[in-house]
Amino acid sequence: MPELLLLSNSTNHGRDYLDHAWADVEAFLDGRDEIAFVPFAGGDHDAYTARVAEAFAARGIRVTGVPADAGAARVLDRAQAVFVGGGNTFRLVAALQRTGIMGELRDRVLAGLPYMGASAGTNITAPTLRTTNDMPIVEPESFAALGFVPFQINPHYLDADPRSTHNGETRLTRLTEFLEANDVDVLGLREGVHLRVEGAGTDVVRATLGGAAVQPDAPGPAIVFRRGTEPFEVSGEVTDLFARTPRFDHPA
């Protein structure tokens with residue numbers, strides 16, 4: 001099972017890039033100082049990589065951008081960890097599939113390369129991108145993602161405001177619709193929260209929620225949507241989520 005640090009978001013309101021998560025990032029990297037960055041969820045790859053590199057350089061960590069070409073394998077080979085940044089999940093998956101890097105990335109992480117994701121980079125560790133919040137601005141070859149975890153993730157999970165007069169769909173509505181068509185758990189990660197997965201060989205040793213939800217009045221760090229039950233709050237260890245087998249395109 002790969003080593004994963006999956007952030008709901010990279011920036012909290014009023015703070016700089018990864019400020020809310022540096023202690024967890026540095027603990028996860030455990031002294032590693034050469035990481036590869038996958039910028040494909042953004043539009044300007046060079047500018048995105050430069051921004052991330054500047055943030056990590058302040059902590060003595062060198063970042064090398066993964067190019068969207070055959071050079072990607074060389075960058076991943078030299079890296080001590082990989083970080084996949086946020087942005088548009090459809091654009092990220094389309095680029096990974098089009099270039100063949102999806103397979104390269106999956107193989108290296110399964111072979112032991114630590115993986116860190118934020119937002120879209122977290123979403124693609126699920127079997128598919130179906131629970132992203134993003135607009136499909138491009139069309140990937142398929143919705144298939146990395147599949148490091150057997151459940152879906154909804155980063156930036158936002159609880160409905162009971163005081164709002166908005167009559168449109170809420171996040172709860174959309175994820176309920178997903179469960180009508182798929183028998184697959186969904187982990188909703190609120191802003192400021194992350195999932196840490198520790199593995200050994202093919203086994204999950206422990207999966208733990210960390211960080212703190214920044215949404216006012218949030219009842220907890222994360223929420224689980226499961227077919228046949230009311231959504232339920234989770235915190236601390238959530239290793240049991242790995243015991244369930246997903247069934248996609250399985251109507252209720």
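Helices here are DSSP runs of H or I with at least four residues, numbered from the N terminus. With that in hand, welcome to a short tour of this predicted model.

**Two neighbours in helix α2**

Helix α2 covers residues 45-57, and T49 has its place there. Y48 lies in α2 as well. Is T49 buried or exposed? T49 counts as buried because its relative accessibility is 14%, and the cut-off for buried is under 20%. Leaving aside residues up to four places away in sequence, T49 touches F37, P39, V63 and G65.

Y48 is buried too, with a relative accessible area of 12%. Its contacts beyond four places in sequence are Y17, F37, P39, G42, G85 and G86. One of these partners, G85, sits 37 residues from Y48 along the chain, yet the two C-alpha atoms are separated by 8.8 Å. Which backbone atom does the side chain of Y48 reach? The side chain of Y48 comes to 2.7 Å from the backbone oxygen of G86.

**A buried serine in a loop**

S10 belongs to the loop between β1 (4-7) and α1 (22-29). S10 counts as buried, since its relative accessibility is 17%. Not counting residues up to four places away, S10 is in contact with Y17, L18, H20 and A118.

Here are these three residues side by side:

| Residue | Relative accessibility |
|---|---|
| Y48 | 12% |
| T49 | 14% |
| S10 | 17% |

**Helix α4 and its ends**

Why is helix α4 (residues 89-99) described as largely enclosed by the rest of the structure? The reason is that eight of its 11 residues are buried. Those buried residues are T89, F90, L92, V93, A94, A95, L96 and Q97. They pack against two strands, β2 (34-38) and β4 (81-84), and two helices, α5 (101-110) and α6 (120-123).

Both ends of the helix are worth a look. At the N-terminal end, N88 acts as a cap, with a side-chain oxygen 3.0 Å from the backbone nitrogen of F90. Just after α4, G100 takes a positive phi of about 80°.

**One cavity**

Rolling a probe the size of a water molecule over the atoms shows where empty space is left. How many cavities of 30 Å³ or more does a search of the whole structure find? The search finds one, and the volume of the largest cavity is about 40 Å³. Its lining consists of L7, S8, N9, H20, A21, D24, G192, V193, H194 and G211. By class, three of the lining residues are nonpolar, six are polar and one is charged.

Key: Residues are numbered from 1 along each chain as its sequence is written. This is a predicted model: local features need pLDDT of at least 70, side-chain atom pairs count only at pLDDT 80 or more; totals for chains, interfaces and linings use all residues. Side-chain values use heavy atoms; hydrogens and water are left out. Buried means under 20% relative accessible area, exposed over 50%, partly exposed in between (1.4 Å probe, protein chains only). Contact means heavy atoms within 4.5 Å. A polar contact is a pair of N or O atoms within 3.5 Å; within protein, one must be able to donate a hydrogen and the other to accept it, and residues adjacent in sequence count only if both atoms are side-chain atoms. On a 1 Å grid over the protein atoms alone, a cavity is a set of points where a 1.4 Å probe fits but cannot get out, and a pocket is an open set with protein on both sides within 12 Å along at least five of seven lines; lining residues have an atom within 4 Å of a point. Grid points are joined across faces, edges and corners, and a volume is the space filled by probe spheres set on the points. Ala, Val, Leu, Ile, Met, Phe, Trp, Tyr, Cys and Pro count as nonpolar, Asp, Glu, Lys and Arg as charged, and the others, Gly among them, as polar.
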